[in-house]
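Colleague: Could you take me through the aromatic rings in this one, slowly and in plain words? I'd also like to hear how that part sits in the whole chain.

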Amino acid sequence: MKVLWENIVLTMVAFSILYWLLNKYAFGKLFAVMEKRRELVKGQLEEARQTREQATAYVEEQKEALKQARQEAFEIIEQSKQSSSKQARDLLEQAKTDAIRLKNEAVRDIESERNKAMEALRGEIGSYSVNIASKLIEREVESNPEDQEKLVNQYLQEVGRKS
């Protein structure tokens with residue numbers, strides 16, 4: 001096989017012209033498009049990285065918000081428990097106070113009724129005394145002092161049994 005130097009030179013000249021034409025018209029635009037594409041991909045990667053960071057931050061915020069909501073719910077439950085315990089104590093205290101008040105009112109009513117009964121009894125005693133006095137006066141006119149003393153003792157025994 002014989003090497004043809006003319007073909008090699010002709011091929012090199014054709015390749016050089018083709019390279020020069022491609023460099024002048026095509027490579028600049030091709031490299032510009034490739035550079036745009038590279039910048040676009042780089043921008044998209046940066047945007048994806050920022051989105052991922054934002055998503056991570058958002059997830060952390062949501063975790064913190066959920067934790068805080070749970071803590072607030074726990075505090076509300078504890079406050080409710082304390083409030084219900086306080087209300088129960090207050091109700092019990094109010095019931096005790098009402099019971100004491102009712103007892104005191106009943107004692108006052110009983111004392112009042114007792115006093116009324118005593119006044120009525122005194123009134124009866126007074127009327128009995130008047131009756132005895134009138135009978136004594138009648139008997140004195142009719143009888144002697146021994147009978148009067150028996151009558152007074154008898155009346156005092158009757159009053160003693162009734163009171």
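Modeller: Here is the aromatic part, followed by its surroundings. First, a word on the basis: this is a predicted model, where local features need pLDDT of at least 70 and side-chain atom pairs count only at pLDDT 80 or more, while totals for chains, interfaces and linings use all residues. Residues are numbered from 1 along each chain as its sequence is written, and side-chain values use heavy atoms, with hydrogens and water left out.

You get two aromatic pairs in the structure (rings of Phe, Tyr and Trp, its six-membered ring, pair if their centres lie within 6.5 Å; planes under 30 degrees apart count as stacked, over 60 as edge-to-face and the rest as tilted). Take Phe 27 and Phe 31: their ring centres are 5.7 Å apart and the planes meet at 25°, so this pair is stacked. Tyr 19 joins Phe 27 and Phe 31 in a cluster linked by ring pairs.

Where do Phe 27 and Phe 31 lie? Both are in helix H1, residues 5–142, four residues apart, or about one turn of the helix (helices, H or I, at least four residues, and strands, E, at least two, are DSSP runs numbered from the N terminus). Phe 31 is exposed, at 51% relative accessible area (exposed is over 50%, buried under 20%, partly exposed in between, with a 1.4 Å probe and protein chains only).

Now the annotations. An unreviewed UniProt entry puts a "transmembrane region" at residues 12–32; UniProt annotations may be inferred rather than shown by experiment, with feature names shortened and positions in the numbering used here. That stretch is 100% helix and 0% strand, with its end C-alpha atoms 27 Å apart. UniProt, again unreviewed, also lists a "coiled-coil region" at residues 45–105, which is 100% helix too, with end C-alpha atoms 88 Å apart.

Zooming out, the protein has two helices and zero strands. Its C-alpha atoms fill a box of roughly 195 × 30 × 15 Å along the principal axes, and buried residues make up 4% of the 163.
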